[in-house]
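Dear colleague,

I am passing on the structure we spoke of, and I would be glad if you could look through it alongside the notes below.

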Amino acid sequence: MTLRLVEFVVAGNEASDLLPVRSAALLRAHRARRGFWTVLDEGPVERCLALLLELSDGEWTARHVTADAGVENGRTEDGEALAHHDGWVYVFGSHFGSKAGPLRPRRAFVARFREDDAASGALPVQVVRNRFRLHRAVNDALAGAALTPLPPGERVRARFIVETMARGTARAKSWVSRLAPDDLPLNVEAAVFTPAGTVLLGLRFPVTVDGEPILVEVGGVPEMFAAEPAWPRALGAYVVTGVTPPGALTGFRAVTPTPDGGYAAVIGSIDALGKGSVLLDDHPGGGDVTSRHVRFRLPAAPPPVASPDRLAGELVADLAPFHQVEGLAELDGQRFYVTDEEHRVALWVG
């Protein structure tokens, strides 16, 4: 597969996810024929939203979006995943930490905004910080699932779980009650809403004991934004099989719906090489892994015999030599990928 490179200069040097713009008003405001949302770097979500736009003359440009999260300005970081639902664009924080730990409460958030509102003026962004409630729900779901997660390793457990609990206890944080010593640290990198209104969260970590990528289905995300908020609940977990190279560990990097009712995704390394990752210290087989474009489908109903948590994956394209493909879109018969590059945003079109 031949890919054409489009380079952008835009605030931040890391682009996470790639979500097609659906708002005709927003495209008209920028005189664009099509475009994508992405999230930049690891700053607060209101400072990290950007548009990658193909203008009416065929030229591509990047626009950093001015946004306002109100009282939540400056209180989030590390937005990773974007998803459409009911006229809103949702942004999911990684719920993870720095590469050496500990977990960071600022990354445990979900935000949302309406695309049409970005056509003029500062974009209002709603933010809900869940203070590890989603961490608790997903960990409980994984503990009860038929799949077996890869144990995190002693250094990972010490840096991400034990140290987070110790810091929370020392600071008398109420969220410390939502952590347990045997928890798995979560790294949310992908998200997509299902037709039923639930969310599939694609985890970069943990993976299964066989190194395969895990999805967790979560309900109640929009209800977080109600006047009297309810907290999300995990409904189940899935493992995508048949797409991980032998001996490798692959986590989700992106996921998007396909027109036939299935899903396309990018899977790849569980963390980046050469950046002091404690995950890779404990699991070196998860680093030198190139990205892969895959597809899968959810079962229409739980099968009568086979375990419903195993989804047969299909390899669409091996994206070697790329290690850091962060976003995927299939649009107008073309494939679009965004990569994590040093000091640039790189969009690849094929």
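What follows is a short account of the sheet, the cores and a hairpin.

Please keep in mind that this is a predicted model. I begin with an open sheet of four strands, which are arranged in the order 2-3-4-5 with antiparallel pairing. Its edges are strand 2 (15-20) and strand 5 (60-64), each of which pairs on one side only, and from one strand to the next the twist averages 25 degrees. Strand 2 is joined to strand 3 (residues 32-40) by four bridges, the two running antiparallel, and within this pairing S16 stands opposite V39 of strand 3.

Turning to the interior, the largest nonpolar core comprises 42 residues, and those with the most contacts inside it are W37, L49, V91, L123 and V125. Strand 4 (residues 49-55) supplies the largest share of this core, namely six residues. Leaving aside residues up to four places away in sequence, V125 touches L49, A67, D68, A69, A111, R112 and F113. Another core, of 27 residues, lies apart from the largest one and includes V128, V188, M224 and A237.

Further along the chain, strand 21 (residues 325-331) is mostly covered, with five of its seven residues buried. Strand 21 runs antiparallel to strand 22 (residues 334-341), and six bridges join the two; among the residues involved, L331 has Q334 of strand 22 as its bridge partner. The hairpin that these strands make has two residues between them, and there D332 takes a positive phi near 55 degrees.

With best regards

Conventions
Residues numbered from 1 in each chain as written. Predicted model: local features only at pLDDT ≥ 70, side-chain atom pairs only at ≥ 80, totals over all residues. Heavy atoms only, no water. Buried < 20%, exposed > 50% of the residue type's maximum accessible area, 1.4 Å probe, protein only. Pairing = 2+ DSSP bridges. Axes fitted to C-alpha atoms, helices over the stretch in contact; angles between N-to-C directions. Core = buried A, V, L, I, M, F, W, Y, C linked by side-chain atoms within 4.5 Å. Contact = heavy atoms within 4.5 Å.
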